Amino acid sequence: MATKVVLIGPPHSGKTTLSNYLADATDSTSGEYHPTSGVRILEFSCNLPDSKAVDIELWDCGGNPQNESCWPAIARGAAALVLVANVDIPDSEGQFLEMLYLRFAAQHGLKESQCAVFLNQNWRIIRKSRKSSGYADQSAHEIVSMENGSNVHGAFCRVISSALTAQSEEWQKGENQILSVQ
């Protein structure tokens, strides 16, 4: 069974570019911007830090608020949430991302360890914990150049590893609660 990962962010943030890159998919468009309508699902494998390969089902979600009615169904069953933003576009400072976090993670029981923010800035992806202060605080980020694909894949796979650990802990907790009731 594949691990479901939801990737969402504001329009023009680079979600589809990042999704294609992670899935090693090619984009057959002419380079013009074409917003994702609804959701695109890509499947690929991710090698976790412990050398275990995991099948990924990456849900590349259109970030337009017009798609909002579909978001609860898209979020259901996700093991991880990746928020993507372009720091060069207004409102990427956090208001829209915070709303997406609340809609996708908080309402569906994802822990912070199951979520990450990738900031797209001049072809760089910055992995950031929600706990660090401010998106511009470079000391709180792991900066990964898009030119070095293994670093982007590595940062993504570390997010997946952390999410799977948190998910496993939740399942174990639920099983223990069921056993303690009997």
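Which residues of helix H1 (residues 15-23) are buried? They are Lys 15, Leu 18, Ser 19, Asn 20, Leu 22 and Ala 23. In general, an α-helix has 3.6 residues a turn, so residues three or four places apart point the same way. Just past the end of H1, Asp 24 takes a positive phi of about 55°. Keep in mind as you look around that this is a predicted model.

**The overall layout**

Let's step back to the whole chain. The protein chain has 4 helices and 7 strands. Reading from the N terminus, the elements go β-α-β-β-α-β-α-β-β-β-α. Of its 182 residues, 42% count as buried. The accessible surface adds up to about 9,900 Å², and carbon and sulfur atoms own 49% of that.

How much of the contact network is long-range in sequence? Take the contacts with a separation of 6 or more: residues 24 or more positions apart account for 62% of them.

**Inside the fold**

Now for the interior. The largest nonpolar core has 24 residues, and the ones with the most contacts inside it are Val 5, Ile 56, Leu 58 and Phe 156. Several elements each chip in at least two residues: strand S1 (3-8), H1, S2, strand S3 (53-61), strand S4 (80-86), strand S5 (115-120) and H4. The biggest giver is H4, with 7 residues.

Ile 56 is a good residue to click on here. Leaving aside residues up to four places away in sequence, Ile 56 touches Ala 2, Thr 3, Val 5, Leu 42, Glu 43, Phe 44, Cys 46, Phe 156 and Ile 160. Apart from this core lies another one, made of 21 residues, including Trp 71, Ala 75, Leu 97 and Val 117.

**The cysteines**

Which cysteines are bonded to each other? Cys 46 and Cys 157 form a disulfide, with their sulfur atoms 1.9 Å apart. Cys 46 sits in strand S2 (residues 39-47) and Cys 157 in helix H4 (residues 149-181), so the bond ties together parts that are 111 residues apart in sequence. Both Cys 46 and Cys 157 are buried. The structure holds 1 disulfide, so what about Cys 61 and Cys 70? The cysteine sulfur closest to that of Cys 61 belongs to Cys 70, and at 9.4 Å that is too far for a bond. The two also sit in different surroundings: Cys 61 counts as buried because its relative accessibility is 0%, while Cys 70 is partly exposed, with a relative accessible area of 38%.

**Charged pairs**

The salt bridge count comes to 2. Here they are side by side:

| Salt bridge | Closest N and O atoms |
|---|---|
| Arg 40 and Asp 60 | 3.1 Å |
| Glu 68 and Arg 103 | 1.8 Å |

Start with the Arg 40 pair. Arg 40 lies in strand S2 and Asp 60 in strand S3, so the salt bridge ties together parts that are 20 residues apart in sequence. Arg 40 is partly exposed, with a relative accessible area of 30%, whereas Asp 60 is buried, at 0%.

Where do the partners of the other pair sit? Glu 68 is in the loop between S3 and helix H2 (71-75), and Arg 103 is in helix H3 (residues 95-104), 35 residues apart, which makes this a link between distant parts of the chain. Glu 68 counts as partly exposed at 29% relative accessibility, and Arg 103 is partly exposed with a relative accessible area of 29%.

**How far to trust it**

Finally, a word on confidence. The mean pLDDT of the protein chain is 77, and 77% of its residues reach 70 or more. Where is confidence highest, and where is it lowest? The high point is S1, with a mean of 94, and the low point is strand S7 (residues 141-145), with a mean of 46. Over residues 129-143, pLDDT stays under 50, and the model has 30 contacts beyond four places in sequence for that stretch. Where pLDDT is low, the predicted coordinates should not be read in detail.

Definitions and conventions
Residues numbered from 1 in each chain as written. Predicted model: local features only at pLDDT ≥ 70, side-chain atom pairs only at ≥ 80, totals over all residues. Heavy atoms only, no water. Buried < 20%, exposed > 50% of the residue type's maximum accessible area, 1.4 Å probe, protein only. Disulfide = S-S within 2.5 Å. Core = buried A, V, L, I, M, F, W, Y, C linked by side-chain atoms within 4.5 Å. Contact = heavy atoms within 4.5 Å. pLDDT = per-residue confidence, 0-100. Salt bridge = Lys/Arg side-chain N within 4 Å of Asp/Glu carboxyl O. Areas by Shrake-Rupley, 256 points an atom, 1.4 Å probe, with all protein chains shown as cover.
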